[in-house]
Amino acid sequence: MAWQHIRVARFGGPEVLELAQQSTIPVPGPGEVRIRVLAAGTGFTDTFIRRGRYPGFKGPLPFIPGYELVGVVEDTGPGVSSVREGQLVADLCVVGGYAQYAVRPARFLVPVPDGIDPAEAVCVPLAYLTAYQMLTRYRRLPRGASILVVGASGTVGTAMLDLARLLGLKAIGTCSAVNMAAVERLGAAAIDYRAGDFVAAVRRLTTQADGTVGVDAAFDAIGGAHFARSWACLAPGGLLVGYGAQHMAVGAASLASAALGLARLWIWNTLGGLFSGRRAVFYNITARREAHPEDFLADMARLFELLRERAIHPIVVERLALARAREAHARIDAGGLGGKIVLLPWPAS
Ligand SMILES: NC(=O)c1ccc[n+]([C@@H]2O[C@H](COP(=O)([O-])OP(=O)(O)OC[C@H]3O[C@@H](n4cnc5c(N)ncnc54)[C@H](OP(=O)(O)O)[C@@H]3O)[C@@H](O)[C@H]2O)c1
């Protein structure tokens, strides 16, 4: 039976995403499973990979893009006991999600509880897990602590605001003017990053009666020189979590500038004592999963539980057929989406 996937044979713009067919259904090898993909998440990181700029994936070409998927285990290879046929699972696959079938190692698959919409579930592996781990795995932020979310209207940003509300944190978020109302609806104070220097606005919003200024933690994926601006928003003892190089990804900054941003984080962290106890770290979801697989599995399970209880609320802006992957990427490139476009590889029956 022929099955469909999206194929990228050269790096570039959305036009490099091509709908392709394969004639044989893949057979899982030892330790692998075949998944019938019900929902594939799309997002900025997929466009980063598509452009050929993502440090964590440089090919080989051709490849099937798609950082995250949710689907049903259809067949298991020898030696697989952690999941069973018929089970709904989620996977942070980095590539391979935009397809009707995916053959994946069983090791990092996470069961998705019954009753969860696959399109909402697929917002968990990348966006919500990133947000959750950054908020909980470096510091125990007490209720009432303040955070700055740079890019608050994106998929990670909205997940952070959703979780911040659950954790009782006071959030400030930067976004475009068009997304300010949406960010405010998520309970944050919104700042238009195009309307001036957000550092002054954050400092104004956080000035305390005793003269203390700044947030307890800041989260920044713009990278490079932008980290210095987020660092300037921290209160004494505050933590900066860098987690991206968005300016470099879209060609607005060089690789050298992105590397300098990482070097800054390292220097600030090492010399924290000279900076009123402020600290800085870089978060990388796949590196952290490799280093702490038990945290990955526990945090994913926790997030699916929260989703089942309707305690978190992923924003799915649209569900599109696989054939419309190119359109999804063009819309991500244009910015201002305010949530995730999910690809549904199979027609509704
Ligand atoms: N390190 C990791 O493990 C990890 C994991 C997941 C994601 N990421 C990275 O996190 C970033 C966000 O991913 P995403 O999926 O949330 O992307 P997204 O949905 O496209 O959101 C991007 C956000 O950035 C905002 N933005 C764009 N330019 C900005 C600027 N100059 N200043 C402030 N905000 C700006 C956008 O605001 P408007 O649309 O309102 O303009 C939007 O809120 C990406 O760089 C991605 O690669 C890293």
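Mentor: Start with a term. Domain bounds come from an automatic or database domain assignment. Also keep in mind that this is a predicted model.

Trainee: Which domains is the chain divided into?

Mentor: Domain 1 covers 3-123 + 314-344, and domain 2 covers 139-282. Notice that domain 1 is written as two stretches of sequence. The centres of the two domains, taken over C-alpha atoms, are 29 Å apart.

Trainee: How many residues of each domain are in contact with the other?

Mentor: Domain 1 brings 11 residues and domain 2 brings 10. On the domain 1 side, the touching residues are 4 nonpolar, 4 polar and 3 charged.

Trainee: Which domains does the shell around the ligand draw on?

Mentor: Both domain 1 and domain 2 supply at least three residues each. There are 31 residues around the ligand, and the nearest are Phe 44, Gly 151, Gly 154, Gly 244 and Ile 285.

Trainee: Which helices and strands supply at least two residues each?

Mentor: Look at helices α1 (44-50), α3 (124-136), α4 (155-167) and α8 (246-249), plus strand β9 (170-175).

Trainee: How many residues of that shell are nonpolar, polar or charged?

Mentor: Count 15 nonpolar and 16 polar, with no charged residue.

Trainee: Now a strand. Why is β5 described as largely enclosed?

Mentor: Strand β5 spans residues 88-92, and 5 of its 5 residues are buried, so the rest of the structure largely encloses it. Here is the general idea. Side chains in a regular strand alternate between the two faces of the sheet. Now the case. Leu 88, Ala 90 and Leu 92 sit on one side of β5, with Val 89 and Asp 91 on the other, and all are buried. Both faces are covered.

Trainee: Which strands does β5 join through bridges?

Mentor: Strand β4 (residues 68-76) is joined to β5 by 5 bridges. Strand β7 (residues 110-111) is joined to β5 by 2 bridges. The β4 pairing runs antiparallel, and so does the β7 pairing. Follow Val 89: its bridge partner in β4 is Gly 71, and it stands opposite Pro 111 in β7.

Trainee: What about the whole chain? How many helices and strands are there?

Mentor: The chain has 12 helices and 15 strands. Of its 349 residues, 48% are buried. For overall shape, compare the radius of gyration with a rule. A compact globule of 349 residues would come near 20 Å, and the chain has 20 Å, so the two agree. Along the principal axes, the C-alpha atoms fill a box of roughly 70 × 40 × 35 Å.

Terms used:
Residues are numbered from 1 along each chain as its sequence is written. This is a predicted model: local features need pLDDT of at least 70, side-chain atom pairs count only at pLDDT 80 or more; totals for chains, interfaces and linings use all residues. Two residues are in contact if their C-beta atoms, placed from the backbone, lie within 7 Å. Ala, Val, Leu, Ile, Met, Phe, Trp, Tyr, Cys and Pro count as nonpolar, Asp, Glu, Lys and Arg as charged, and the others, Gly among them, as polar. A residue is buried if 20 or more other C-beta atoms lie within 10 Å of its own, exposed if 12 or fewer, and partly exposed in between; C-beta atoms are placed from the backbone. Helices (H or I, at least four residues) and strands (E, at least two) are DSSP runs, numbered from the N terminus. Two strands pair if DSSP finds at least two bridges between them. A residue is near a molecule or strand if its C-beta atom, placed from the backbone, lies within 6 Å of it. The radius of gyration is taken over C-alpha atoms; the globule rule is 2.2 Å times the number of residues to the power 0.38.
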